[in-house]
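User: I would like to learn how to read a few local features of a model. Please give the general idea each time, then the case at hand.

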Amino acid sequence: MLREITLGQYYQTDSVLHRLDPRVKIVGTLVFIASLFIANSPLGYGVAAVFLAVMIKLSHVPFQFIIRGMKAIFMLLIITMLFNLLLTPGEEVFHLWRLSVTKEGIRLALMMGIRLVFLVIGSSLMTLTTTPNNLTDGLEKLMGPLKVLHVPVHEIAMMMAIALRFIPILLEETDKIMKAQIARGARFDTGGIIDKARAMVPLLVPLFISAFRRAGDLAMAMEARCYHGGEGRTKMHPLAYEKRDALAYLLLALYLAVMILSRFVPVGGML
Amino acid sequence: MWDSPYCHLTGIDMSIILDHVNYIYDKDTAFERHALKDVNLQLQDGEFIGLIGHTGSGKSTLVQLLNGLLKPSAGAVYFDGADISDDDFDLKNLRASVGLVFQYPEHQLFETDVFQDVCFGPKNLGLSKKDAELRAFQALKQVGLKEEYFYQSPFDLSGGEKRRVAIAGVLAMQPKVLVLDEPTAGLDPKGREDILNMIAQLHKELHNTIVLVSHSMEDVADYVERIIVMNKGEVLYDAAPQEVFTHVEELEAVHLAVPEVTYIMRDLARAGIKVRTDVTTVEEAVEEILACYGR
């Protein structure tokens, strides 16, 4: 039922992207997200789309699998686009009741929609190709310099690792509780918004209780194994850059350069 | 086993038929898993059935098909002659008729007090407050919960009591078929026996169909009339306990053990004492050994 949510899930297969150093993928994702906000023309978004398509191809993750993750943000996407479409002042194209749809509104809505979709696909591509362990190792390493400023880097990384690890567990738990309540005649899909909200109680209460129980169990298990923070902790597989990582950074820099340049290329058309 | 899926037309009284059922999780992805392979079963009214299998044998998937939480990937599940995959199939009626108690059912408790929680199911059936409460009261009595607990928070109860409340929550819907997925998981031996005795008592009183899912032969052997053994998504055996337990080697090959007494009787027979080896309960074994010595 909830299996279609792929956000934060790892997809086990072998590809260039899977083998890349997690640091490259984190930086790459950040660069990609930044580039989406740099782009201001169809050309820019076109370049980003091509880049994303190539990455998806390289990842060996089936496209349908990535798309399934989009369902989770569908409502958010619709609402964002609708607000932008209806509430942007400017040159009016036509109006609905008291709201007017403007040229600027259409432009903004399209841009926001594309940004949001690309952003989610881009970041889920990172989690799909990187194990949570690798991801947090990478993050910890990347943020390493901040330790000088007394930023609790290890703790942040550990919290993130746990959070990521718990997404599938809690989803599975939600699925189980949902099924159990459906078996008791609960309906989650009918009625108005108030009915739906009320129907969430039999789901959310057990879910919260289970989350707290799991958190307690985990803390106990960590303590039993003498976990005492990051001080003096060593890694079984320390991260080390390889040639392909250098190449990936180079490609990223190139991509970023192209995206910045695309701002200065005059393009006609509506956007 | 039967000639056609339309045997309901012949007037034979039966509630659930699984006809060449297959179930595949996450089809067409790297996670694809064939959980059920060509399962053919027929559950008759009033039967007390044990569904046994090692972890991952497909038994949990199977029980979810029984009340329409999952639909078969191929094949069909018929409930009282109607295909549950049909668009116009009445799923609400199916879920009222087939009560499913999940593993660790106490994890689904959510209300402020025990009584309210048990009322949840019957209320969802559209019953009036009065009828729902009457059913809840009956169900709580049936599971043997002390009245002093009725108005306490379910979260303050012990593990075994919580489980009783959760079972009562399904029982209060008065299903014709009651399916319990590992109802004894995580309980101590005393709690296990209590729950199993309670279920057997329910069957005696209500004459409903009960499917008891377990990975332990020992648990079910004393109670059920029929055992279905699952292995890797397929039905390995489907027969009376005495019959199933004659396949000691085959069962051990799929990591299932027969009850201890069956082993003892087998060893006795090997030692030259003329006892029957298809004995599954301690009581039977005692009788058989005494009979052998002519007492």
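User: Is A:Tyr241 buried or exposed?

Analyst: The classes rest on relative accessible area: buried is under 20%, exposed is over 50%, and partly exposed is in between (1.4 Å probe, protein chains only). A:Tyr241 has 41% and is therefore partly exposed. This is a predicted model, in which local features need pLDDT of at least 70 and side-chain atom pairs count only at pLDDT 80 or more, while totals for chains, interfaces and linings use all residues. Side-chain values use heavy atoms, with hydrogens and water left out; residues are numbered from 1 along each chain as its sequence is written, and chains are lettered from A and ligands numbered from 1 in the order in which they are written.

User: Which charged end sits over the ring of A:Tyr241?

Analyst: The test takes NZ of Lys or CZ of Arg, which must be within 6 Å of the ring centre and within 35 degrees of the ring normal. Here the charged end belongs to A:Arg23, 3.9 Å from the centre of the A:Tyr241 ring.

User: How many aromatic pairs does a search of the whole structure find?

Analyst: Rings of Phe, Tyr and Trp (its six-membered ring) pair if their centres lie within 6.5 Å; planes under 30 degrees apart count as stacked, over 60 as edge-to-face and the rest as tilted. Over all chains there are ten such pairs. One of them joins A:Tyr241 to A:Tyr249, edge-to-face, at 5.7 Å centre to centre and 70° between the planes. A:Tyr249 is partly exposed too, at 27%.

User: Why is the pair of B:Phe137 and B:Phe150 edge-to-face?

Analyst: Its planes are at 80°, with the ring centres 5.7 Å apart, so the pair is edge-to-face. B:Phe137 lies in helix α4 (residues 129-142) of chain B and B:Phe150 in the loop between α4 and α5, so the contact ties together parts 13 residues apart in sequence. Helices (H or I, at least four residues) and strands (E, at least two) are DSSP runs, numbered from the N terminus. B:Phe137 is partly exposed at 34%, whereas B:Phe150 is buried at 1%. Ring pairs link both of these residues with B:Phe115 and B:Tyr151 into a cluster.

User: What is the phi of B:His20?

Analyst: Most residues other than glycine have a negative phi. B:His20 has a positive value, near 45°, and lies in strand β1 (residues 16-25) of chain B. B:Gln174 also has a positive phi, about 50°; this residue is in the loop between α5 (159-171) and β7 (177-181) of chain B.
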